[in-house]
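Reader: I'd like a close look at one part of this model, the place where the two chains come together. Could you walk me through that contact, and then follow the threads from it into the chains themselves?

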Protein chains: 2
Amino acid sequence: MSGWLRIIGLGPGAASLRTPEAEAALAEATDILGYGPYVARVAARTEQRVHPTDNREELDRARHALELAETGARVAVVSSGDPGVFAMAAAVFEAVEHGPAPWRDLDIQVLPGISAMFAAAARLGAPLGHDFCAISLSDNLKPWELVEKRLRLAAEAGFVLALYNPISRARPWQLGRAFALLREHLPGTVPVAFATAISRPEERMVLRPLAEANPALADMRTLVLVGSAATRMAGRFLYTPRSAASA
Amino acid sequence: MSGWLRIIGLGPGAASLRTPEAEAALAEATDILGYGPYVARVAARTEQRVHPTDNREELDRARHALELAETGARVAVVSSGDPGVFAMAAAVFEAVEHGPAPWRDLDIQVLPGISAMFAAAARLGAPLGHDFCAISLSDNLKPWELVEKRLRLAAEAGFVLALYNPISRARPWQLGRAFALLREHLPGTVPVAFATAISRPEERMVLRPLAEANPALADMRTLVLVGSAATRMAGRFLYTPRSAASA
């Protein structure tokens with residue numbers, strides 16, 4: 001009985017962007033848990049037990065994974081991108097904090113992956129070449145007023161913004177509200193990138209100036225990057241210069 | 001003559017954290033350029049030309065890489081972590097923007113890597129599980145007042161902070177000043193992680209409350225993570241809960 005739990009970042013999609021460390025842990029796992037479409041990316045062997053679940057069941061999935069590891073299973077919880085960025089790692093430690101004491105002593109490791117924002121940035125050029133922030137637009141777990149406050153402060157700070165969870169059927173208006181708010185604080189010429197399913201067959205990248213940024217260009221698989229006032233094109237590449245002139 | 005330029009993220013150090021995409025590009029390159037210690041991580045074949053250079057010569061190195069690619073070389077510019085995060089990608093596109101017109105048509109791609117902040121976060125648990133920002137503390141390319149402004153706004157926003165380039169021989173006081181400023185805006189109990197050389201043999205991780213965070217715990221290889229008021233321990237793991245209560 002020497003179970004373990006690995007919270008694994010699969011990267012944005014392509015196997016060529018998955019680390020050997022992640023592959024090795026997946027190969028050794030007895031059980032693979034995760035949101036259905038992510039589990040489907042993993043080529044499970046016939047003797048591995050696969051537990052795909054719904055998007056909204058993160059804490060239940062975390063508890064299930066911890067219970068399995070406690071009973072001696074080698075458990076892989078898979079996330080797209082990096083598991084520490086708006087993904088399963090925080091859910092697992094939340095479950096650990098509020099769960100039975102023995103869970104704290106389990107062999108748990110987080111295995112990092114290429115996050116959506118870096119995969120998107122790499123396709124574009126170097127839009128994250130200067131200071132930046134990452135904000136989840138989902139108001140499932142925090143009040144919308146807090147999202148707005150952070151957007152305002154981030155724009156004032158001159159950060160490039162990576163917006164995760166921009167839109168879903170249950171959250172249809174948040175991205176439009178975010179663009180409207182950012183237009184009050186940033187030039188309308190600031191470039192906005194809609195990066196969807198980067199490195200997967202359905203990959204799509206759309207660039208618009210903030211003044212014309214349309215939420216309909218995003219879906220659940222989209223990472224939205226909003227430049228700073230300094231973000232610009234160099235030929236066909238989008239980048240943010242390393243240097244900044246004034247406060 | 002079909003030269004290309006790949007700006008490659010080597011990840012934090014261990015080969016097990018390097019993507020197959022990066023390995024494939026390295027294997028096909030005729031020339032490898034980068035800061036000496038990063039080039040040294042790559043097992044160059046004897047027929048490959050290796051061009052290690054000093055830390056401060058990023059723009060010269062970028063121009064050199066573009067010149068080589070223009071003459072038909074297959075050029076790998078290597079960065080630690082992700083090349084788009086305070087690394088070589090922005091320097092290359094800066095050189096492209098201000099360089100000869102043909103450079104804009106070169107075959108240039110950025111290959112993402114595991115950034116230091118995600119490698120560090122994974123070792124700790126999930127400190128980046130909520131909204132966060134990344135700020136370079138170097139005032140070589142921006143005024144220190146701008147760094148201070150961003151630190152203040154980031155603390156006010158409740159972001160977890162990843163501080164890159166925290167300290168060097170030429171920039172000895174900036175990290176101490178940053179801690180002093182953050183103590184004015186955040187509780188002294190906020191956890192600060194000093195993550196040095198993660199995944200390399202000399203790896204070292206030190207945790208301190210902000211009130212006792214000592215800049216001497218950092219060196220040039222250190223990524224400093226400053227939690228938000230919500231960041232906490234779950235057993236031996238550091239994490240930031242996904243939910244936040246109020247603005």
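Author: What follows starts at the contact between the chains and then moves into the sheets, rings and charged pairs of each chain.

Keep in mind that this is a predicted model. Let's begin with how much of each chain takes part: 75 residues come from chain A and 75 residues from chain B. Put together, the two chains bury about 6200 Å² between them, and carbon and sulfur atoms account for 61% of that area. If you want to know who gives up the most on the chain B side, look at Phe118(B), Arg150(B) and Arg242(B). Those residues lose the most area to chain A, and together they make up 12% of what the chain B side buries.

Now for the chemistry. The side of chain B that touches chain A splits into 42 nonpolar, 15 polar and 18 charged residues. Between chain B and chain A there are 30 residue pairs in polar contact, counting pairs with both residues at pLDDT 80 or more. Salt bridges turn up here too, with 10 of them across the interface. One to pull up on your screen is Glu97(A) with Arg232(B), whose side chains meet at 3.3 Å, N to O. Side chains of opposite charge can pair when their charged atoms come close.

The backbone crosses over as well. Strand 7 of chain A (residues 132-136) is joined to strand 7 of chain B (residues 132-136) by three bridges, and the two strands run antiparallel. To find your place in that pairing, start at Phe132(A), whose bridge partner in strand 7 of chain B is Ala134(B).

From here, go to the open sheets, one in each chain. In chain B, three strands line up in the order 6-13-12, with mixed pairing. Strand 6 (125-126) and strand 12 (232-234) of chain B are the edge strands, each pairing on one side only. Strand 6 of chain B runs parallel to strand 13 (residues 237-239) of chain B, and two bridges join them. Gly125(B) sits opposite Leu238(B) of strand 13 there.

In chain A, there is an open sheet of three strands in the order 6-13-12, again with mixed pairing. Strand 6 (125-126) and strand 12 (232-234) of chain A each have a single partner strand, so one side of each is left without a neighbour in the sheet. Strand 12 of chain A pairs with strand 13 (residues 237-239) of chain A in the antiparallel sense, over three bridges. In chain A, Arg232(A) stands opposite Tyr239(A) of strand 13.

A few side-chain details inside chain A round this off. Over all chains, the structure holds 28 salt bridges, including one between Asp60(A) and Arg63(A) at 3.0 Å, N to O. Asp60(A) and Arg63(A) both lie in helix 3 (residues 58-70) of chain A, three residues apart, or about one turn of the helix.

Ser80(A) is worth a click too. Ser80(A) lies in the loop between strand 4 (74-79) and helix 4 (88-98) of chain A, and its side chain makes a polar contact with the side chain of Arg41(A) at 3.0 Å. Setting aside neighbours within four places in sequence, Ser80(A) is in contact with Gly11(A), Pro12(A), Tyr38(A) and Arg41(A).

Last, the rings. There are 16 aromatic pairs over all chains. One of them is Phe179(A) with Phe194(A), an edge-to-face pair at 5.9 Å centre to centre, with 75° between the planes. This pair links distant parts of the chain, with Phe179(A) in helix 7 (residues 174-185) and Phe194(A) in strand 9 (residues 191-196) of chain A, 15 residues apart.

Technical notes
Residues numbered from 1 in each chain as written. Chains lettered and ligands numbered in written order. Predicted model: local features only at pLDDT ≥ 70, side-chain atom pairs only at ≥ 80, totals over all residues. Heavy atoms only, no water. Contact = heavy atoms within 4.5 Å. Buried area = accessible area lost by both parts, 1.4 Å probe. Salt bridge = Lys/Arg side-chain N within 4 Å of Asp/Glu carboxyl O. Polar contact = N/O pair within 3.5 Å; in protein donor to acceptor, adjacent residues only side chain to side chain. Nonpolar A, V, L, I, M, F, W, Y, C, P; charged D, E, K, R; others polar. Pairing = 2+ DSSP bridges. Helix = DSSP H or I, 4+ residues; strand = E, 2+ residues; numbered from the N terminus. Phe/Tyr/Trp six-rings, centres within 6.5 Å; stacked < 30°, edge-to-face > 60°.
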